[in-house]
Each structure stands twice: as C-alpha cells, then as structure tokens.
Amino acid sequence: PQTNKPNIVDIHTHMYPASYIKLLESRNTIPLIRSFPGHPEPRLVLLPSEVPLLSNPSPSHPPGRPLTEAYTSLDAKIAFMDKHNISISVLSLANPWLEFLSTSPDPSSLLEPALRINVEFEVMCNQHPGRLYFFGVLPLHPENTLCALPLVLSMKMKFKHCRGVIIGTNGLGKGLDDPDMEDVFEMLEEDDLPIFLHPHYGLPNQVFGERAEKGEYGHVLSLALGFPMETTVAVSRMYLSGMFDKFPKLKVILAHGGGTLPFLAARIESCIRHDGYLHKKEKEGRGKIKRSIWEVLNSQVYLDAVVYGEVGLKAAIQASGERGVERLMFGTDHPFFPPLEEGEEEWGSVVMNTEAVNKGLGEGSKEARMVLEENAIKILNLEKP
Ligand code: 5CU
C-alpha cells in the first residue's frame, strides 16, 4: 500500500470461490451463471428481482451482472486492495450463500459445500499472511439446526483466519426471530464468533412497480432501498423477539450501515412504547424487552461504513451511542458496484465511501483512522499491519 494515506481495513468484501462458481454453473434457477448470445462474459444472476428478466432476456441487456474475475480471482482481489490502499480484507462469500440448498431433505447435503468453501477461504488467507481473514459460511438447514455445530467448532480451532460468520436475513427459512435460531445464536455467542448480517432478497418486486419489474430502473431500487430495508426488518424482528436479551454477548455486524436502522431506531422505540398489545403483555408479565434498541445498538451491534455519504455515516455513528465512532468499520462491497467504463482503475464506489469518512470525520483525524482501520483490528482481533 502507498504510505502517505492511512492503511484501510475492508470488512465488507466478497468473493465466490471456485467450488461455488461450479455450483452456480450447474443450476437453471437463481442463483445461476449463464451465457447470453452476443455477450462475451457469462452473467451472474442472483437476485429475485432478476427472475422476470430471465425468462425473456433483453438481447442488449440480459439479466444479472458480468461475471468478471473480480468475483473469483484472488490475484484480482489483492490488486484491488493494493490500488485502494487496503492493507487487510475480511473476505466473505457473497449472497445468497448456501440458502438455495436448504430445501434439500438431507441437512448433511449443506455441510460438505459449506466446509469446502470455508477451506477455500482459509487457503486463500494462508497465501497472503497478514492481509486476509474471512467470515465463514454456515450450513443452515431448517431440519437440523445443529448441523452447523461441527463447522462452528472448527471455525475457531481449524480455520485460523476465520473471524465470524456471514448469514442472510432468512436464517433457517423463517427469519432471525425464529426460536429455532437460538441453537445457532448460542453456538456463535459461546465461541465469540460475530455475525455479519447481509441482505439478499430485498423487497418483493411488486413494491417497485411494473416498470421496475421490466428492468427499466436496473438494480437501483432493489439495491438502494430493498437491501437496506431487508436488513432493517430482520434486525428489528430479532430485537422484538428478545434474541438480543437472550444472547447478550452475541455480536452482530450489520451491512450497509445498518440499513435504515440508525434513522428509524427512535421510531421503533416509540412504536414499542405506544403499542397496546406489548404494553398489556408486559403488565401481565408475559414478556418484556429488557433493553431499548439504543442500548442494543451501543452494546451488541456494529455497523459497516458502506453508506456512500457523510449524512448516513454520521447517523450510523450517532445511533451507535456516545462512543459510536468505535463501532463502525469500513467496507467496500467489492466486487459489486464496479466502474462501468473501461480504463477507470479506481473504483468510484470505494472513493465515495472513503470520502464519506474523510469528510465526515476529518481527513487524517483519529476518528477517521478508527473507522478506516483501527476499529476492525480491535473488534475482529486482526493483526496490526
Ligand atoms: O449488485 C448486486 O446484486 C449486489 C449483491 O447481490 N450483493 C451485494 O452485496 N451487493 C450488490
């Protein structure tokens, strides 16, 4: 990395290892990889909002995104890191992880791919000592919550570079307020493995209307609004169900600055305080949420800084409490949001996130250094470069 800028730690940076790519190549429902006539690169089709476009693909703009080497190549990841002054990356499998396999009747069918992917990440980390860590993937199957146990155990023991797990908002199929998730949360709390919570589904297509469904607005509505709302709903359900009270040492890192949680936390709090049903339940001793959403945000939740602007960044810090600046960690979302024109080497999406930190907190300030580098080192127990 260049020496005149602070080193950056990127905690939100994805890859699809070789075995996952092979899996997607073999599929004909999403997630899948497919080639379209007239387009040299195969395309990666992931999102539920892309399904309507798959059955009738536009010849000029087929669904999905080009599967470039940025998604698959470790050399490309390292070159990206060097270009953007990133000294350490905490890699994770991108959405939708292994959720599409959870419909198989045999829970163990998830175990083998999960194990293989985690091994692939560990091998990558070993190739670049000190520069790479990863969030592992879990085999979450509705029929057998404990099938993740051997992997969780080996994350601490065998995978020296594993610093937590990435999961989606669906959990075992019924969200993160599902009582069956308690087994999973308990294992992660016990092993002090933070959850990196990341969206995949967005909001239902109908919310965005016919023109969006026909692809007229590209991915804008699902990614800018659907993804953050999905995270907000998932973590709010988790909070309302009392999961944070049950697992007070569980750490949850929310993608994209917590979705819209920083902006909506006070509204959630007010709705709780003024809800007749919850009030009655509490009076009858049938359950009380012990801590306010603010207290949870200040103690168990961490936010990434993938918000692209100063306003969102400051909201995320403020929502995270008096010492909120200690709870934000920089991310890029690489390899998503690449430059669209050839020859643009620096990624505009990364520049926006870096500038948000530098403008919001002051370039070179102690606070900016914390968000760009130091918080992640401390929270995720990384080796200082
Ligand atoms: O562009 C996209 O579809 C995505 C995605 O699927 N996941 C993500 O993390 N960012 C962007």
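The following exercises, each with a worked solution, concern salt bridges and one pocket in a predicted model.

**Exercise 1.** Determine which parts of the chain the salt bridge between Asp82 and Arg131 ties together, and state whether each partner is buried, exposed or partly exposed.

*Solution.*
1. The side chains of Asp82 and Arg131 form a salt bridge with an N to O distance of 2.8 Å, which satisfies the criterion of a Lys or Arg side-chain nitrogen within 4 Å of a carboxyl oxygen of Asp or Glu.
2. Asp82 belongs to helix α3 (residues 74-83), whereas Arg131 sits in the loop between α4 (108-127) and β6 (132-137); the pair therefore ties together parts that are 49 residues apart in sequence.
3. Asp82 has a relative accessible area of 32% and is partly exposed.
4. Arg131 has a relative accessible area of 18%; because buried means under 20%, Arg131 is buried.

**Exercise 2.** Locate the two partners of the salt bridge between Glu345 and Lys83, and classify their exposure.

*Solution.*
1. The N to O distance between the side chains of Glu345 and Lys83 is 3.6 Å.
2. Lys83 lies in helix α3, and Glu345 lies in the loop between β11 (328-329) and α14 (348-361). The pair links distant parts of the chain, 262 residues apart.
3. Glu345 is exposed, with a relative accessible area of 56%.
4. Lys83 is partly exposed, at 38%.

**Exercise 3.** Assess the salt bridge between Glu210 and Lys214, then state how many salt bridges the model holds and which residues join into one network.

*Solution.*
1. Glu210 and Lys214 meet through their side chains at 4.0 Å, N to O. The cut-off is within 4 Å, and the pair is a salt bridge.
2. Both Glu210 and Lys214 are exposed.
3. Lys280, Glu284 and Arg286 are joined into one network by salt bridges that share partners.
4. The count for the model comes to 17 salt bridges.

**Exercise 4.** Describe the second largest pocket by its volume, its lining residues and the elements that contribute to the lining.

*Solution.*
1. The second largest pocket holds about 440 Å³ of space.
2. Its lining comprises 21 residues, and those nearest the centre are Ile272, Glu282, Gly287, Lys288 and Ile289.
3. Two or more lining residues come from each of α8 (220-240), α9 (243-246), α10 (261-273) and α11 (276-283). Helix α11 gives the most, with 4 residues.
4. Sorted by class, the lining of this pocket has 11 charged, 5 polar and 5 nonpolar residues.

Technical notes:
Residues are numbered from 1 along each chain as its sequence is written. This is a predicted model: local features need pLDDT of at least 70, side-chain atom pairs count only at pLDDT 80 or more; totals for chains, interfaces and linings use all residues. Side-chain values use heavy atoms; hydrogens and water are left out. Buried means under 20% relative accessible area, exposed over 50%, partly exposed in between (1.4 Å probe, protein chains only). On a 1 Å grid over the protein atoms alone, a cavity is a set of points where a 1.4 Å probe fits but cannot get out, and a pocket is an open set with protein on both sides within 12 Å along at least five of seven lines; lining residues have an atom within 4 Å of a point. Grid points are joined across faces, edges and corners, and a volume is the space filled by probe spheres set on the points. Ala, Val, Leu, Ile, Met, Phe, Trp, Tyr, Cys and Pro count as nonpolar, Asp, Glu, Lys and Arg as charged, and the others, Gly among them, as polar.
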